[in-house]
Amino acid sequence: KKQKRKAFCRLMMLGKVSQALKFIDNACDIKGVHRLTRKVKAALTDKHPVGAAVSSDVKLETTDQQPEPVIFESIYAESVKNVTKNVHVSGGPTHIDADGWRHILCCNSYGKCSTVLCEAIADFAKIMATQEVSANCLKEFTASRLVPLDKDDDKFGNIGVCPIGIRE
């Protein structure tokens, strides 16, 4: 049981959600993934913290000195491919995990399209590092996928749900 728990935690930390869920069994209080019903959505809403203004205590002081844009010029398609080979994460809203991205960006099956996509990702990274980009333009980029894990109902009959957020 302890080994299963360790394996589950390790796989979750690596972002392998599908593989981790295979370690959930009847002896565990997590039974799998809930279907998104009104009751589950209400339970998730109850667990979500209410938004609040940012306290000045937690803000870092910023400086007017920006890094020189030239240091980001070393981001290119080949470096995107190399980083992709060493990343191990789960899929976010697109449901494409690290293995999927590795296949899309590093596989020769897609021919020139893989290289073009790597170049586009490198260009996007340079823009993000050197220019101010409106948060409205990054809505899909910063989106998360919420996985509601099914836990036993509590003694009062309330639905048992554990929210796990997964980002792209």
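Q: What makes up the largest nonpolar core of this predicted model?
A: Five residues form the largest nonpolar core: A77, V80, L105, C118 and A122. Helices α4 (77-85) and α6 are the elements that give two or more residues to this core. A nonpolar core is by definition a set of buried residues joined through side-chain atoms within 4.5 Å, so these five count as buried.

Q: What does V80 touch, apart from residues up to four places away in sequence?
A: V80 touches L105, C118, I121 and A122.

Q: Why is F124 called partly exposed?
A: F124 has a relative accessibility of 32%. Buried means under 20% and exposed means over 50%, so a value in between is called partly exposed. This residue is found in helix α6, and together with M128 and F141 it makes a nonpolar surface patch of about 270 Å².

Q: How do you know that K126 has no salt bridge?
A: The nearest side chain of opposite charge, D123, is 4.1 Å away from K126. A salt bridge has to lie within 4 Å, therefore this pair does not count as one. K126 is nevertheless buried; the residue is found in helix α6 (residues 112-130). Leaving aside neighbours within four places in sequence, K126 is in contact with F72, E73 and I75.

Q: Why does E68 count as exposed?
A: The relative accessibility of E68 is 54%, and exposed means over 50%, so E68 counts as exposed. E68 is found in the loop between α3 (38-47) and α4.

Q: What distance separates the C-alpha atoms of E68 and A129?
A: These C-alpha atoms are separated by 10.0 Å, while the two residues are 61 residues apart along the chain.

Notes
Residues numbered from 1 in each chain as written. Predicted model: local features only at pLDDT ≥ 70, side-chain atom pairs only at ≥ 80, totals over all residues. Heavy atoms only, no water. Helix = DSSP H or I, 4+ residues; strand = E, 2+ residues; numbered from the N terminus. Buried < 20%, exposed > 50% of the residue type's maximum accessible area, 1.4 Å probe, protein only. Lys, Arg positive; Asp, Glu negative; His and termini not counted. Contact = heavy atoms within 4.5 Å. Patch = residues over 30% accessible without salt bridge, like charges linked within 9 Å, V, L, I, M, F, W, Y side chains within 5 Å. Areas by Shrake-Rupley, 256 points an atom, 1.4 Å probe, with all protein chains shown as cover.
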